[in-house]
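Some labels given to residues and contacts rest on cut-offs, and it helps to see how each label is reached. Please look at the structure below with that in mind.

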Amino acid sequence: MLETSARLLKLLSLLQASRDCTGPGLAQRLGVTTRTVRNDVERLRNLGYPVHATSGVAGGYRLGAGAKLPPLLLDDDEAVAVALSLSTQESETADRALRKLEQVLPSRLRHRVSALQEYTVGTTAELDPEVTVQIVNACRAHERLRFDYVKFDGEQDRREVEPYRLVHIRGRWYLVGWDVGRQDWRTFRADRVRPRVPTGPRFTPRDLPDLEAHLAKGLATAAWRFRATVTVHAPAAEVAAKIPAALVEATGESSCRLTAGADTVEMLAVYLGMLGCGFSVDGPPELVHHLGKVADRFREAIDTASHG
């Protein structure tokens, strides 16, 4: 629903910016199919927007003139999600749509959008809006966050953290904060965080570590189900550029040690396949076994092709 609302707002902005818009052109700008464009146009019509269609080679869509357009109705969570989505997109169309939306947002929602923009890093992705707001509010107020945390094995843990940022990387949201119990910086998967109320006492903000380096180390050494230790026959900088969310330590001018974690050995194998250079796996045994099976499949495929 939130993605559809954001797309409708962008579509309306495109129709307002140009007298005639072709279906394929709109589809390309929106990153959807022409069928989705037709469905979205029908949604706009149902909301009262006079969108006219013309057929033929030069056909397309045009926003009717002379009509009083009704507002695009969004609830609070939808409006905030649309605004945040538009703010992360680098295009003039998104900027124009965001400015129009901000003009009609009530002050309470403008403050929420501003806080989300300040305390989140990375593109927007699906995350429980209530959890997002609770975490971001604690970041902004400099209040300790108490939460139940679901570990990778399904067990729950109680944590108390000084929250600093929500960061999106490798397709997930992560909370970066100072763990009061461990007395160190920690990274938590936000979808496994269950905030408790009320929040804790206020804290004096610390200097943030380098987020990129901290996340690389945190994601590599986190409590993943599997963690791989690999010796790579390539310079550390080259390997780090290919797999940024991993811990890479130089062991020589043309070699390094890579540590990466994942919930499945299949995903670890994908990371190693991205290296494009030689490597040797120190562990775990499950990964070594899986790589052997993958190698057998590739050899079988090559033999089949050579005899085809």
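The questions that follow concern salt bridges and burial in this predicted model.

Q: Why is the contact between E160 and R144 called a salt bridge?
A: The side chains of E160 and R144 come to 3.2 Å, N to O, and because a salt bridge requires a Lys or Arg nitrogen within 4 Å of an Asp or Glu carboxyl oxygen, the pair qualifies. E160 lies in strand β5 and R144 in the loop between α7 and β4, so the pair ties together parts that are 16 residues apart in sequence.

Q: What makes R144 count as partly exposed?
A: Its relative accessibility is 24%, and since buried means under 20% and exposed over 50%, R144 falls in between.

Q: How do you know whether D157 and R159, which meet in a salt bridge, are buried or partly exposed?
A: R159 has a relative accessible area of 9%, which is under 20% and therefore buried, whereas D157, at 22%, counts as partly exposed. The N to O distance between their side chains is 3.3 Å, and both residues belong to a network of salt bridges that also links D179 and R182.

Q: Why is E162 called buried, although R206, its salt-bridge partner, is partly exposed?
A: E162 has 5% relative accessibility, which is under the 20% limit and therefore buried, while R206 stands at 34% and counts as partly exposed. Their closest N and O atoms are 2.9 Å apart, and the pair links distant parts of the chain, 44 residues apart.

Note on methods
Residues numbered from 1 in each chain as written. Predicted model: local features only at pLDDT ≥ 70, side-chain atom pairs only at ≥ 80, totals over all residues. Heavy atoms only, no water. Helix = DSSP H or I, 4+ residues; strand = E, 2+ residues; numbered from the N terminus. Buried < 20%, exposed > 50% of the residue type's maximum accessible area, 1.4 Å probe, protein only.
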